[in-house]
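This report covers the sheets, a helix, the main pocket and some unusual backbone angles of one protein model. The sequence and structure come first.

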Amino acid sequence: MKKAKWLAAVFTTLLALVISGCGNGEKASTAVDNGQKEEKKEVTLKISASSTPHAEILEYIAPDLEKEGIKLEVSSSDGIQTNQQTAEKQIDANFFQHTPFLEQVNKDSGLDLVKVIGVHIEPFGVYSKKVKKIEDLSEGAKVAVPKDPVNFSRALLLFENNNIIELNEEKDGNYTIEDIKKNDKKIEFVPVDGPLLVRSLDDVEASAINTNYALEGGFKPLEDALIIEGTDSPYVNILVSRPDNKDSEPIQKLAKALTTEKVKKFILEKYEGAVVPAF
């Protein structure tokens, strides 16, 4: 009889402990429901970007992304090596190039990088420290143009569209020196690495420069360019990543943040037409 009473007492004690434990669990649940949620772990995205305007746009949206638990770690882009670093997972994504350039790099280097989203267009222009108008180029003038095949072709097309040269009408893009069919001023086109185009202005009569480099060099494209592309340019600058992380939540949140009305207003006000939203 005493044993039965002892067992009953033990059972009652255990039952009380279980009920007490359940009560604490409910309070914890209530606390979560009242907004005291466990903080989410912060994710860091490593992005390589041209300093102007790409990195400036990323810096502008960084506070908004940080509120969503995504911290941006932005480094300087140096072109083709940046794509290699993205492919090798040293960085998560990059933001400095347009689609034709990416396609050429993938082809030449055997990479498999992908466009995440298009963000803006940078009208391509020709600049000079020696002449005020494109018509003033001297005979035999040396003109620096981007060395990479895609932007080299883009530069030649800009000169053709402004009646400086004529290109092979049987081709549609991918122009080379051999495709110049008429060059009355005998202009000598000198291939130069993109980041060095602004510096080349001391050595040539004019230089065809991507707008991001022109802005870095202190130029105001709409005011300073001798000739410049229209806003219908197909060379949209894009956010680039790998197939394995393109659809990840952090990359997609970055893509969304880059294409808001807030960013569109920022681009239009800050760059005054030198950079044009493409969304």
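The text below takes the sheets first, then the pocket, helix H5 and the backbone angles.

The model is predicted: local features need pLDDT of at least 70 and side-chain atom pairs count only at pLDDT 80 or more, while totals for chains, interfaces and linings use all residues. Residues are numbered from 1 along each chain as its sequence is written, and side-chain values use heavy atoms, with hydrogens and water left out.

**Sheets**

Helices (H or I, at least four residues) and strands (E, at least two) are DSSP runs, numbered from the N terminus. Two strands pair if DSSP finds at least two bridges between them.

An open sheet of six strands has the order S2-S1-S3-S12-S4-S13, with mixed pairing. Its edge strands, S2 and S13 (276-277), each pair on one side only. Strands S1 (residues 43-49) and S2 (residues 70-76) run parallel and are joined by seven bridges; within this pair, Lys 46 lies opposite Glu 73 of S2. On S3, S1 pairs in the parallel sense over three bridges, and Ser 48 stands opposite Asn 94 in S3.

Helix H2 (residues 51-67) forms a right-handed β-α-β unit together with S1 and S2. Right-handed here means that, with the strands pointing away from the viewer, the path from the first strand over the helix to the second runs clockwise. Pro 53 is placed in H2, and the peptide bond leading to Pro 53 from Thr 52 is cis, with omega near 0 degrees.

Five strands make up another open sheet, ordered S9-S6-S10-S5-S11 with mixed pairing. S9 (188-192) and S11 (227-228) are at the edges with a single partner strand each, so one side of each has no neighbour in the sheet. Strands S6 (residues 142-146) and S10 (residues 206-209) run parallel and are joined by two bridges; Val 143 has Ala 206 in S10 as its bridge partner.

**Largest pocket**

A pocket is an open set of points on a 1 Å grid over the protein atoms alone, where a 1.4 Å probe fits, with protein on both sides within 12 Å along at least five of seven lines; lining residues have an atom within 4 Å of a point. The largest pocket has a volume of about 490 Å³, the volume being the space filled by probe spheres set on the points. It is lined by 27 residues, and the closest to its centre are Gly 79, Phe 101, Asp 148, Asn 151 and Tyr 213. Two or more lining residues come from each of H3, S3, H4 (99-109), H5 (149-161) and H6 (211-216). H4 gives the largest share, five residues.

By type, the lining divides into seven nonpolar, 13 polar and seven charged residues. Ala, Val, Leu, Ile, Met, Phe, Trp, Tyr, Cys and Pro count as nonpolar, Asp, Glu, Lys and Arg as charged, and the others, Gly among them, as polar.

**Helix H5**

The 13 residues of H5 should span 18 Å at 1.5 Å a residue, and the end C-alpha atoms are 18 Å apart, which agrees. The buried residues of H5 (under 20% relative accessible area; exposed is over 50%, partly exposed in between, with a 1.4 Å probe and protein chains only) include Val 150, Asn 151, Phe 152 and Leu 156.

**Positive phi angles**

Most residues other than glycine have a negative phi. The table gives residues with a positive phi.

| Residue | Phi | Place |
|---|---|---|
| Lys 89 | about 65 degrees | loop between H3 (80-87) and S3 (93-98) |
| Asn 163 | about 60 degrees | just after H5 |
| Asn 174 | about 55 degrees | loop between S7 (166-167) and S8 (180-182) |

Lys 89 is exposed at 54% relative accessibility, and Asn 174 is exposed at 57%.

Note on methods. Expected span 1.5 Å × (residues − 1).
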